[in-house]
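User: Please take a close look at one helix of this model and its surroundings, and then work outward to the cores and the charged pairs.

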Amino acid sequence: MYEKTFPNKRFKHTINFLKQHVSTNDTILDLGVKNPLSKLMISHGYSVENTSGTDLDINTSEIENSQSDVVTAFEIFEHLLSPFTVLQSIKTDKLVASIPLKLWFASAYRSKTDMRDRHFHEFEDWQFDWLLEKAGWKIIASEKWTNPTKKIGIRPILRWFTPRYYIVYAERISES
């Protein structure tokens, strides 16, 4: 996945945000297979378990059976056909999730070689907020950041000041 580039800025922002909202005493279920970011989380003192790679659109049992304190989902929901179902299946009361934001000047991401590395959804921040709210979550904190490139052109210039990533810390709304 990261053969040519490593997302240092995204990972740094993600770890800093995680440190603000999640204690290293909490156990984490990270949606998605083990990856460089989950390994980085472990190196920062977090206890992280990843899902096995099961298609979460079809089978949410790993999420439902987890005893973790927090669920993290970093750049996962845009790949799912039904993120609403996955969000509802989470049993913990804490969620940290990030998504790449829809960019008006770029088409949806689609890997030509990996069927699972494609975006079904390209969210705007308000759409992701609405999805979380409808699935029973309240956003406590959020941040956005840009992802500039060193390429030449109109799109690379726009990436210097157009937010590319959005991260939230949300808590389950208790049912009364």
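Analyst: Gly45 has a positive phi of about 95° just after helix 2. The model is a predicted one, and helix 2 covers residues 36–43. At the N-terminal end of this helix, Asn35 acts as the cap, with a side-chain oxygen 2.8 Å from the backbone nitrogen of Leu37.

Leu37 is also one of the buried residues of helix 2, together with Ser38 and Met41. Viewed down the helix axis, these buried residues fall within an arc of 100°, so they line one face of helix 2. The general geometry agrees: an α-helix has 3.6 residues a turn, so residues three or four places apart point the same way. Lys39 and Ser43 are exposed on the other side of helix 2. The cover over the buried residues of helix 2 includes helix 1, strand 1, strand 2 (47–50) and strand 3.

Two of these covering elements, helix 1 and strand 3, lead on to a charged pair. Arg10 and Glu75 form a salt bridge through their side chains, at 2.2 Å from N to O. Arg10 belongs to helix 1 (residues 8–21) and Glu75 to the loop between strand 3 and helix 4, so the salt bridge ties together parts that are 65 residues apart in sequence. Arg10 counts as buried, at 9% relative accessibility, and Glu75 is buried as well, with a relative accessible area of 11%.

The structure holds three salt bridges. Another of them joins the side chains of Lys94 and Asp26, at 3.7 Å from N to O. Lys94 sits in strand 4 and Asp26 in the loop between helix 1 and strand 1 (27–30), so this pair ties together parts that are 68 residues apart in sequence. Asp26 counts as buried at 13% relative accessibility, whereas Lys94 is partly exposed at 27%. There is also a salt bridge between Asp125 and Lys144, whose closest N and O atoms are 2.4 Å apart. Asp125 in helix 5 and Lys144 in strand 5 (residues 137–145) are 19 residues apart, and the pair links distant parts of the chain. Both are partly exposed: Asp125 has a relative accessible area of 22% and Lys144 one of 43%.

Next, the nonpolar interior. The largest nonpolar core has 25 residues, and those with the most contacts inside it are Leu31, Phe77, Leu87, Leu95, Phe128 and Trp137. At least two residues of this core come from each of strand 3 (70–74), helix 4 (83–89), strand 4 (94–100), helix 5 (125–134) and strand 6 (165–172). A second, separate core has 18 residues, among them Leu18, Ile28, Trp145 and Tyr165.

Leu95 gives a view of the surroundings of one residue of the largest core. Beyond its neighbours within four places in sequence, Leu95 is in contact with Val71, Leu87, Ile90, Leu132, Trp137, Val168, Tyr169 and Ala170.

Helix 4 also carries a buried polar residue. Ser89 lies in this helix and is buried, with a relative accessible area of 5%. The Ser89 side chain reaches the backbone oxygen of Val86 at 2.7 Å. Apart from its neighbours within four places in sequence, Ser89 is in contact with Thr60, Ile63 and Glu64.

Definitions and conventions
Residues are numbered from 1 along each chain as its sequence is written. This is a predicted model: local features need pLDDT of at least 70, side-chain atom pairs count only at pLDDT 80 or more; totals for chains, interfaces and linings use all residues. Side-chain values use heavy atoms; hydrogens and water are left out. A nonpolar core is a set of buried Ala, Val, Leu, Ile, Met, Phe, Trp, Tyr and Cys residues joined through side-chain atoms within 4.5 Å. Buried means under 20% relative accessible area, exposed over 50%, partly exposed in between (1.4 Å probe, protein chains only). Helices (H or I, at least four residues) and strands (E, at least two) are DSSP runs, numbered from the N terminus. Contact means heavy atoms within 4.5 Å. A polar contact is a pair of N or O atoms within 3.5 Å; within protein, one must be able to donate a hydrogen and the other to accept it, and residues adjacent in sequence count only if both atoms are side-chain atoms. A salt bridge is a side-chain nitrogen of Lys or Arg within 4 Å of a carboxyl oxygen of Asp or Glu. The arc is that of the directions from the helix axis to the C-beta atoms.
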